[in-house]
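Got the viewer open? Here is a short tour: what to select at each stop, and what you will find there.

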Amino acid sequence: KTKVRKAMPWFGMDIGGTLTKLVYFEPKDIATDELDQEARILRNIRRYLTKNSAYGKTGHRDTHLQLDNIEIRGRTGSLHFIRFPTSEMGNFLNLAKAKGMAQLVTTVCATGGGAFKFENNFKEEVNMKLAKFDELDTLIKGILFAEIQNPTECYYFENASDINKSEKKAFDFSQPYPFILVNVGSGVSVLAVYGPDNFRRISGTSLGGGTFLGLCCLLTGCNTFEEAIQLATRGDHTKVDKLVRDIYGGDYDRFGLNGDLVAASFGQMNLKEKRTSVTKEDLANATLVTITNNIGSIARMCASNEKIDKVVFVGNFLRVNPISMKLLAYAMDYWSKGTLKALFLEHEGYFGALGCLLQFNG
Ligand code: ADP
């Protein structure tokens, strides 16, 4: 029996403000006749895309996120998750040309702002057409698919009210609606999601992951996100921020504000002697806490306006960033007196690209 086969390769691309995310479906059910027929170029591309060393210095395949035994459009295979800085798009296009990808792929499914920005480059440099999809549509499609395919996709932090004790625990997200979705990429978008095709973008802020990274590089001289997070892990924001207790000498009892709360982010840095005594680790930690708490505060207001109690945080700002995740879990719990729950998803930054792959109809 011969199936009608959609031309391979299948991938989805999310070209963001900072990172380009690529999700590639590697078929594992290749029949011998297909293998014989499989073009040499296609074999090359498959081998190339699934090889670890393939992405140069800046590209990276997140092997820990790989999903196996996934069925898409009647085919069974593995999903691979790959990212590279959007600033390297020129190199990616050269590579696509060198590997002969362009001879095989006529249309690439793409989302994110870069699908518009780079459309002409794809056309002119490698003769590929972009099938463009809206980033919020693909984001939600990707989340719903991952939740169904991966039983351990969704998690929360148990004992969120005590950051030193809070621990990652699986969450059953099979009945998701309604939920607030906070996508923390370079910037931040907040959506209220009522059903697979029923959602609104209700808020956002320009103070996002790009702001954290930009400010951190300025203040500490670091150069990468990983470095910024490592510095932040060793620092203490209370040396930088002005706390309620710095102002009141203790708690502000009348309104139930604990002395340890931040009253003014970076509020001690007006004083020269304070400035000279802070370390770059403290500054990195303060930058991370400032950006995270601001996002938490907006998310909480959105949830209370919409009367929704589940808040899902995604986006690559959360990559290798347990400080922010625990802080968000704490902030949701604390400020809502335990009525709001912060949820997180394992494939944090890849849902747009995944949703894009699923839209593919070549
Ligand atoms: P976008 O689609 O806007 O690029 P992402 O969801 O990919 O958004 O998140 C980008 C943010 O993720 C960056 O602003 C930064 O805070 C963080 N980040 C995580 N890992 C990296 C990395 N390797 N390089 C740069 N930024 C990273």
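**Stop one: a strand with an odd residue**

Start with strand 4, residues 67-72, and pick out Asn69, which lies in that strand. Keep in mind throughout that this is a predicted model. Check the backbone of Asn69: its phi is positive, about 55°, even though Asn69 is not a glycine. Most residues other than glycine have a negative phi, and most peptide bonds are trans.

**Stop two: a cis bond**

Next, select the loop that runs between strand 9 (167-170) and strand 10 (179-184); Pro178 has its place there. Which form does the peptide bond from Tyr177 to Pro178 take, cis or trans? That bond is cis, with omega near -10°.

**Stop three: the whole chain**

Zoom out and color by secondary structure. The protein chain carries 14 helices and 16 strands. Its radius of gyration is 22 Å, close to the 21 Å that the globule rule gives for 362 residues, so the chain is as compact as a globular protein of that length. If you draw the principal axes, the C-alpha trace spans about 75 × 45 × 30 Å along them.

**Stop four: the ligand and its shell**

Now center on the ligand and show what lies within 4 Å of it. You should get 17 residues around the ligand, the closest being Thr18, Lys21, Ser186, Asn316 and Arg319. Color that shell by class and you get 4 nonpolar, 9 polar and 4 charged residues.

Where do these residues come from? Select strand 2 (19-27), helix 8 (209-220) and helix 9 (225-234): each supplies at least two residues of the shell. Helix 8 gives the largest share, 3 residues. As for the space that the ligand takes up, it is the second largest pocket.

**Stop five: polar contacts**

Show side chains as sticks and go through three of the closest residues one by one.

- Ser186: an N or O atom in its side chain is 2.6 Å from an oxygen atom of the ligand.
- Asn316: a polar side-chain atom lies 2.9 Å from a ligand oxygen atom.
- Arg319: here the partner is a nitrogen atom of the ligand, 2.6 Å from an N or O atom in the side chain.

Finish by putting a surface on the ligand. How much of its area does the protein bury? Taken alone, the ligand exposes 570 Å², and the protein buries 88% of that.

Conventions. Residues numbered from 1 in each chain as written. Predicted model: local features only at pLDDT ≥ 70, side-chain atom pairs only at ≥ 80, totals over all residues. Heavy atoms only, no water. Polar contact = N/O pair within 3.5 Å; in protein donor to acceptor, adjacent residues only side chain to side chain. Areas by Shrake-Rupley, 256 points an atom, 1.4 Å probe, with all protein chains shown as cover. 1 Å grid on protein atoms, 1.4 Å probe; cavity = no way out; pocket = protein on both sides within 12 Å on 5 of 7 lines; lining within 4 Å. Sits in = over half its atoms within 2 Å of the grid points. Helix = DSSP H or I, 4+ residues; strand = E, 2+ residues; numbered from the N terminus. Nonpolar A, V, L, I, M, F, W, Y, C, P; charged D, E, K, R; others polar. Rg over C-alpha atoms; globule rule 2.2 N^0.38 Å.
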